[in-house]
Amino acid sequence: MELFGSNLQLLMGGMNAALLRQQLAAQNLANADTPGYKAARVVFETRLQTALADNGIIGASTNPGHIPLGRAADPLAVRPQVAIDTLRSGRPDGNNVDLEAEAAGMASNALWYSAMVRLANDEFRRLHLVMGGGGA
Amino acid sequence: MADLFGSLVTSASALTAERLRMTVIAGNIANANTTRTAAGGPYRRSVAVLTPSQQPFGSALSALGQSGGEANGVEVAAIVPDPSPFRLVYDPSHPDADAQGFVRYPNVDILQEMVDLMAASRTYEANLTAFNTAKTIAQKTLELGR
C-alpha cells in the first residue's frame, strides 16, 4: 500500500492536462490573428476514460510483448496529447482559432483545475488525519 | 509536465504584439492625409505581420515530445509597406498637385484601419483574460497542501 495512492496520482495527471490546456488556450488566443495558424488542442479525458473503462474480460499479460486485453492501458500512464485542429476555417487567412470557444474552454478549464486542487487537498487532509491517529 | 508560467509568457507575447499592431494602425490613421514624406511622395500604409514564435522557456510541448506544435507565442515578424496604389484626388490648388492637377494621397483606408484597430483591441482583451486565468491557476496551485 502506497502512502500517496493512485487517487492523488490521477489528480496530478489531470492537473497537468489542465495546465497544458491553459498553455494551449493562451497560445491559440495569442495567434488569433496569425495567418495560416491552426488551433492546438489537448486530448486527455477520452484517453483516460478508455484506460479506466472496464471492458468485462481483462486478459492477463504475462509477457511485456502481450497485447493488453480489456483494459487499454494503465490509467496512471495516460499522458495528455497535443492535437492540431486541421479543420478548415471560413476565414480567408486560413486561421481557425475560435475566440469564443477558446475563452469558454479556458474558463471551464480553470474551474476544473480548482476542483482538482480541492480534491487533492481533501486527500492530503485525510492523510493528515490518519497520521494524527484521528485525534489531530 | 506542463509549465505553470509558460502560458503567462505566451499571453504576454501576444499583448506586446497586439499593442505594436495598434501602434502601426494609429500611425496609418495619423498619416491618412500626409502627402509629403522625407522619402518623397505621400505616406505609404504599413502593415504589421504576425507570426508564431518559439519562447526560450515554457516549451511545454517540446517537453512532452510533441512535434508540430512548437509555436509558443506570437511576435511581429515585420512591418511591411502596403504596395497598393495611392488615392488620386483632383485639387489643382494643392502644392503637391501634379501637372494634371491630381494630388496623390496615402493608400490608407480609414474604415479598414478602424476595423483592424477594433480586431487588435478585442484580441488584446482576449489575451488579457487568458493571462488572468493563468494567474488564477497559478494561485490555486499555491493552495495545494494547505
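**A walk from helix α1 of chain A into the shared core**

Let's begin with α1(A), a helix of 25 residues that spans 36 Å from first C-alpha to last, close to the 36 Å expected at 1.5 Å a residue. Keep in mind as you look that this is a predicted model. The helix is mostly covered, with 18 of its 25 residues buried.

Now turn to the meeting of the two chains. Here 29 residues of chain A are in contact with 39 residues of chain B. On the chain A side, the elements giving two or more residues are α1 (6-30), β2 (81-84) and α3 (99-131). By class, this side of chain A has 19 nonpolar, eight polar and two charged residues.

In soluble globular proteins, nonpolar side chains tend to be buried together. With that in mind, look at the largest nonpolar core, which holds 38 residues; A:Leu29, A:Tyr113 and B:Ala130 touch the most other members. Both chains feed this core: α1, β1 (40-43) and α3 of chain A, and α1 (6-30), β1 (46-53) and α3 (110-142) of chain B, each supply at least two residues. The greatest share comes from α1(A), with 11 residues.

A:Leu29 is a good place to zoom in. Beyond its neighbours within four places in sequence, A:Leu29 is in contact with A:Glu102 and, across in chain B, with B:Ala14, B:Ala126, B:Asn127 and B:Ala130.

Finally, step back to chain B itself. Chain B has three helices and four strands, running α-β-α-β-β-β-α from the N terminus on. Of its 146 residues, 28% count as buried. Among chain B contacts between residues at least 6 apart in sequence, 69% join residues at least 24 apart.

Note on methods: Residues are numbered from 1 along each chain as its sequence is written. Chains are lettered from A and ligands numbered from 1 in the order in which they are written. This is a predicted model: local features need pLDDT of at least 70, side-chain atom pairs count only at pLDDT 80 or more; totals for chains, interfaces and linings use all residues. Two residues are in contact if their C-beta atoms, placed from the backbone, lie within 7 Å. Ala, Val, Leu, Ile, Met, Phe, Trp, Tyr, Cys and Pro count as nonpolar, Asp, Glu, Lys and Arg as charged, and the others, Gly among them, as polar. The expected span of a helix is 1.5 Å times one less than its number of residues. A residue is buried if 20 or more other C-beta atoms lie within 10 Å of its own, exposed if 12 or fewer, and partly exposed in between; C-beta atoms are placed from the backbone. A nonpolar core is a set of buried Ala, Val, Leu, Ile, Met, Phe, Trp, Tyr and Cys residues joined through C-beta atoms within 7 Å.
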